[in-house]
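Biologist: I am new to this structure and would like a close look at one part of it. Please begin with a single residue, place it in its surroundings, and go on from there to whatever helps me read the rest.

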Amino acid sequence: MFSSSGLAIGLASYWLGASTALELRETSIERLSLYQSNLLGELDKYRYLPFVLSGNEDVKDLLTTFPNDTFFANKVSRYLAETNNKAEANVLYIMDKQGNTLASSNWQDDTTFVGHNYSFRPYFQDAIEGREGRFFAIGTISGIPGFFMSHPVYENNSIIGATVVKVNLTPLQQQWNDGGENVLITDDNGIIFLASKKEWLYKSLRKISDTQLQKLKRIKQYGDSTFEILSTDETGIAGDIATEVDGEKYLETIQSVENTNWKIHYLVSIGPVTENQRTIVAIGIGVMITLLVLALFIRERRQKVISARRALEAEKMEDMNRQLEIEIEERRRTEKELRAAQDGLVQAGKLAALGQMSAAIAYEINQPIAAIQNNVSNCGSFLREDKDWDLDQSLTEISSLTEKMGMITGQLKNFARKSSLKIRPTDVGKAINKASHLVQPVFKAHGIDVLINTAAEKMLIAGDETRLEQVFVNLYRNAIDAMDGIKGSKVVHVEASIIGDRVNVVVSDTGTGFEDHVLSKLYDPFFTTKSNNESLGLGLSITYGIIKDLKGEIQASNNSDGGACFVLSFPRYIEK
């Protein structure tokens, strides 16, 4: 009897350990996806900066006409500092074709980049060869690690220099550490350059060849790091493999980071596995002892044994009830965390949308700025010549242009603000028009006409106006991408109407439409058909999630005459 009971306890312990390990693996995969999204979102929100700076005329003049003019260089440095105060990157700087730093946002700091040559850095070499540079390294001057993104500066189709943004990822590591997570990211050499634990930084998971060591020393990627090999080992546990790091055992899950040669590692303690196994063994031994005692007294004290059994069952039931309450509370906490994660992805989607639209919006704002400068110049002439009427006309025009710029920046501010899901009566037609105004500069830049037909009466639903605007912004962006490069008429058509107790919206375009295999994956996170690596594949996934939160439905199809068509349907809100 004891041998069979021992075998049963062993099997139960193994099964429970394997089941717990499997749950930890599934949770780790979900956490990895979230960490990767946060990392890519943190990097992509600064990606537009080098491109925008490369089009600045003062930057071009500095590189071509005034490379040795200290006064002009300081002027550009002040512009970079002012820009960085709003962008909140680490450093913005300008380099000539030889790799010399001519202007920098930290020009007044002791660790200023001005005057230093970084031609040995790969991000500079990529920019000079006409590519966007992306490179992680420790700063040679500041000693602060960061991610560098560069863009070439063109003048008459020739590269005259490079613009660079440095992003400090130390706060991201601190977030991991504060959350009690064990996360690390390695490059293609197996070197840990981002980690939740400082003692893991700049250690290697494997031996690095002499050739690679010489290259790392030449480009000064990790400063004077010696790349000590991190002490690791592998052992079997409950049908899985545990990775031992510095004496601690973890279940390690690894995932490649999109569009990089990096790998992100998530380590979760095997404590729950061993704890559950010990618990089942303890319970099994307790049951065996209980059965032995019951067998000794069964003849003399049968009634007492029956009462003891009932008491034991009641105690177990009470334990189960307490465990059920703990699980319910844990589920509530998990749902709250998932909601917070969803809010973060919605905000990341907004910032990604603004980043992709930044060039067109900047162009839209530059037009009134140029007109204001011209009118200011005319005002001086009119004032000297006592032309009061002409002076008044110029001032009126300046006021009108200022109002136009305020309207554009106000739309950006309202759209970019972080909001939680607050359900209230929301006008669908108003959200459609606000989203159209926000994306109008991009429509104009791509030569796209927008036709909007909405019902005359209010089309109210129970929703959140800001998130509903994001739904239409995402659909507009999808249509813009679909019509990029096509010849002929480019039209986005929006038709909104009330049908019974539903508010229906149809958004269609004259683009290329969808292939059959794409329709089934359209709303999957990180799925994208774009080949230029400029999309995270989150736009339609976030759109789908927002619509579901608002109790709505969305269907995608192809128009009979070409182009894509999205049909949205929401329950109508009836005002009392």
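**A loop residue and the parts around the chain**

Modeller: Lys521 sits in the loop between helix H13 (516-519) and helix H14 (539-549). The model is predicted, so local features are given at pLDDT of at least 70 and side-chain atom pairs at pLDDT 80 or more, while totals for chains, interfaces and linings use all residues. Residues are numbered from 1 along each chain as its sequence is written, and side-chain values use heavy atoms, with hydrogens and water left out. Helices (H or I, at least four residues) and strands (E, at least two) are DSSP runs, numbered from the N terminus.

Lys521 counts as partly exposed because its relative accessibility is 38%; buried means under 20% relative accessible area, exposed over 50%, and partly exposed in between, with a 1.4 Å probe and protein chains only. From C-alpha to C-alpha, Lys521 and Ser541 are 9.8 Å apart in space, with their positions 20 residues apart in sequence. Ser541 is one of the buried residues of H14, a list that also has Leu540, Ile542, Thr543, Gly545, Ile546 and Ile547. Just after H14 comes Lys551, with a positive phi of about 65°.

Positive phi values turn up elsewhere too, and a general remark helps here. Most residues other than glycine have a negative phi. Asn156 is not a glycine, yet its phi is positive, about 55°. The residue lies in the loop between S4 and S5 and is exposed, because its relative accessible area is 69%. Tyr202 also takes a positive phi, near 60°, and is a residue other than glycine. Its place is the loop between strand S7 (192-195) and helix H7 (210-219). Tyr202 counts as buried because its relative accessible area is 17%.

The loop that holds Asn156 belongs to a set of paired strands. S4 and S5 form a hairpin with two residues between them, and Asn156 is in the turn. Strand S4 (residues 145-155) and S5 run antiparallel, joined by nine bridges; two strands pair if DSSP finds at least two bridges between them. One pair of partners in this set is Met149 and Val165, the latter in S5. Strand S5 (residues 158-167) is mostly covered, with nine of its ten residues buried.

S5 has another partner as well. Strand S1 (residues 91-96) pairs with S5 in the antiparallel sense over six bridges, and Val91 stands opposite Lys166 in S5.

S4 in turn pairs with S3, again in the antiparallel sense, over six bridges. Phe135 has Phe148 in S4 as its bridge partner. S3 and S4 also form a hairpin, with six residues between them, and Gly143 in that turn has a positive phi of about 75°. Strand S3 (residues 133-138) is mostly covered: five of its six residues are buried.

Phe148 appears once more, in the lining of the largest cavity, along with Tyr93, Phe113, Tyr118, Arg121, Tyr123, Gly139, Thr140 and Ile141. A cavity is a set of points on a 1 Å grid over the protein atoms alone where a 1.4 Å probe fits but cannot get out, and lining residues have an atom within 4 Å of a point. There are two cavities of 30 Å³ or more. The largest has a volume of about 50 Å³, a volume being the space filled by probe spheres set on the grid points, which are joined across faces, edges and corners. Its lining has six nonpolar, two polar and one charged residues; Ala, Val, Leu, Ile, Met, Phe, Trp, Tyr, Cys and Pro count as nonpolar, Asp, Glu, Lys and Arg as charged, and the others, Gly among them, as polar.

Two further strand residues complete the picture. Thr186 is in strand S6 (residues 182-186) and counts as buried because its relative accessibility is 3%. The side chains of Thr186 and His265 are joined by a polar contact of 3.0 Å, meaning a pair of N or O atoms within 3.5 Å; within protein, one must be able to donate a hydrogen and the other to accept it, and residues adjacent in sequence count only if both atoms are side-chain atoms. Leaving aside neighbours within four places in sequence, Thr186 is in contact (heavy atoms within 4.5 Å) with residues including Ile191, Phe193, Leu205 and Trp262.

Ser508 belongs to strand S16 (residues 502-509) and is buried because its relative accessibility is 15%. Beyond neighbours within four places in sequence, Ser508 is in contact with Val491, Val492, His493, Asn559, Ala564 and Cys565.

Terms used: 1 Å grid on protein atoms, 1.4 Å probe; cavity = no way out; pocket = protein on both sides within 12 Å on 5 of 7 lines; lining within 4 Å.
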